[in-house]
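User: I should like to learn how to read pockets, cavities and helix packing in a model. Please take each feature in turn.

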Amino acid sequence: MTETLSTKAQAVDYMPWIGLSEQEQLQQDRHQQQLAADYPCTFGEACFVSPQAIVLPDQLTLGDRSYIAGGAIVRSTRLVTGSDCSINSYSILSGDITMGNGVRIASHASLYGFNHGYAVTDVPVFRQPLTVKGIVIGDDVWIGANAVILDGVRIGSHSIVAAGAIVTRDVPAYSIVGGNPAKLIRSRLAGEAAATAEPMTAKEDSVVSIKDSMESEARSLGEDTEYSKQGAGPRAGDAPVFRTMYEQLADFSKQVQVQLTPLLEFYSATIEGEKLFRDRPGAGRTVRAYCDAVEIAAMFGSLPPGWTKEELLATLKSFQDSRTGLLPDPWSLPGPEDRPELLTDHLSRYHLLAVGYALEVLGSTLPYPVAVAEKMDTATLYQQLNSLPWADNAWGAGDWIDCYATGLYHNLKSFGSGKRPDDLFGWLATHCRRDSGLWGLPTAKEGWLQPVNGFYRLTRATYAQFGMPLPYPERSIDTVLAHSRDRRFFRLDALNACNVLDVVHPLWLVQKQSDYRQAEIRTWAEKLLGEVLPFWVPGRGFAFQLSRQQETGLQGTEMWLSIICLLADLCGLSSALSYSPKGVHRLEPAYALSVE
């Protein structure tokens, strides 16, 4: 009887998917509590960590229904997983590792999210400092037995890493890779038959068997594959090829252009005879989705498929309120407390940008002047500016200025207004901080995030839009670069389009005035380009949060395409791209203020 219980306990440790008894669950709860007492650990619902595993983390976060089986080694690591992830027996994880949902790691796989320094030859390797780039794995990834993933690698969602593969380079989404070093075997999105494993009676993530005969098939795919386009390296037997960043950008641009029509069609729908766009399939309706679709198509000199210019103009113009000139969201109307004369509704504010610029891209204008900006006198403007939340929400303050200044711009350009933003520029000049070159203060919780993001929003609509010089460009560069090193927001797994754009655009804008720290900015931009490009999902675009590739959408795609263009321009490589941002993220001033 004792032997039977011992065998059953051992089975749970090494096959946790068979389920736990009530007593075993209590034991597991105590084990997790002890781990959390000893290390920074967070466990989701129905997680399992075998006491037979060696778990010595710097930080451990397991999503719901994720497990670490007996014999696995998790040491000196910052490990963050999504839900339904499995780390099977005798796998080894060390360093900085981030996983999405549904990542399955088979037995004896090894993931090393760090590396030894070896640059100095007269110092032993073990005495040189470690380097950490980290490993980022998307959703729904299967890593076969004995595979090795090295530091700095990003594995796109829905990919398969074959048994025994040595992965040294990024793996685009929907790829099957194998070999040493790992190379593309086939794309799961190609029209070919997908590789499948034999049916399994148990749920363990066992071997992905890739036979030698498939090597010839991989070669037959040639260089023109997703993997080679993302800089995955030459085919077996070829001479080494060095792909410059210029070449990678040119190939990426061609790839996007080829996929443009099916991509936009993916985010379109027809409901009860009405054509519309959604940011993502199944998402609620928004005004912005129409504008993003228009601007993405315009980057390549086209219209969204299935729409005439007249249909787009009629739809976009219908959103404007003739009385205020603002554009409230018909699917998320402002509340009764809204004061449109003071621009209190954030969606009404943003849609002034989104719709106004989308109409310009289509060769038209808003149908009505922006009355609330035209009627606001200087005393009211200054009262509003002084009352904005500069101390703890500088982004929100910048958002308000972005709308107000854009309203003045539309009135000046399209409706012959004589009201200039001189009073606004006067307030900005006297309130910009000399120590940081920004407006607003850092917060204890988020550091410089709010002031830097607010700096982008307000300078986009003022200094960039009207072609005016910034007050303290060098100090701005110092502060923005310092913020770009904050790993809370600039780890690869944490990158989102807003936070990156709000650093890239200020650096790009200030470089128009000053070459201060130019080499450092260029190095930073080149590094970020290399990180961003592999996250393109064929036919789907980019996700707003870069690593969450299952959440691609119009907003993320438009923003990341614009970011890539800004980064390329910082590196002097913008000529490699066959597109440029239009509308809200355009690169040229929209209206030149005459000096009076």
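User: How many residues of the lining of the second largest pocket are nonpolar, polar and charged?

Analyst: In this predicted model, the lining of the second largest pocket divides into 9 nonpolar, 8 polar and 9 charged residues. The space in this pocket comes to about 540 Å³. Its lining is made of 26 residues, of which R288, Y350, W395, C498 and Q555 are the closest to the centre of the pocket.

User: Which helices each supply at least two residues of the lining of the second largest pocket?

Analyst: Six elements are to be named here: α6 (287-299), α8 (346-361), α11 (394-415), α13, α16 (497-510) and α18 (554-570). The largest share comes from α8, with 5 residues.

User: Let us turn to the cavities. How many of 30 Å³ or more does the structure hold?

Analyst: There are 2 cavities of 30 Å³ or more. The second largest cavity has a volume of about 40 Å³.

User: Which residues line the second largest cavity?

Analyst: The lining consists of R288, C291, D292, E295, Y350, A354, E558, V584 and H585. By class, these residues divide into 4 nonpolar, 1 polar and 4 charged. At least two residues of this lining come from each of α6 and α8, and α6 gives the most, with 4 residues. R288 and Y350 thus appear in the lining of the second largest cavity and among the residues closest to the centre of the second largest pocket.

User: I should now like to consider helix packing. How are two packed helices described?

Analyst: The description rests on the angle between the two axes and on the distance between those axes. In this structure, helix α12 (residues 422-431) packs with helix α13 (residues 449-464) at an angle of about 125 degrees, and their axes are 11 Å apart.

User: Why is α12 called oblique to α13?

Analyst: The angle of about 125 degrees makes α12 oblique to α13, because angles of 65 to 115 degrees count as roughly perpendicular and those over 145 as roughly antiparallel. The crossing in which α12 passes α13 is left-handed.

User: Which residues make the contact between α12 and α13?

Analyst: On the α12 side, L424, F425, L428 and A429 take part, and on the α13 side L458, T462 and Y463 do so. By class, this contact has 6 nonpolar residues, 1 polar residue and no charged residues. Helix α13 also supplies at least two residues of the lining of the second largest pocket.

Conventions. Residues numbered from 1 in each chain as written. Predicted model: local features only at pLDDT ≥ 70, side-chain atom pairs only at ≥ 80, totals over all residues. Heavy atoms only, no water. Axes fitted to C-alpha atoms, helices over the stretch in contact; angles between N-to-C directions. Parallel < 35°, antiparallel > 145°, perpendicular 65-115°, else oblique. Left-handed = near helix turned anticlockwise from the far one by under 90°. Contact = heavy atoms within 4.5 Å. Nonpolar A, V, L, I, M, F, W, Y, C, P; charged D, E, K, R; others polar. 1 Å grid on protein atoms, 1.4 Å probe; cavity = no way out; pocket = protein on both sides within 12 Å on 5 of 7 lines; lining within 4 Å. Points joined across faces, edges and corners; volume = space filled by probe spheres on them.
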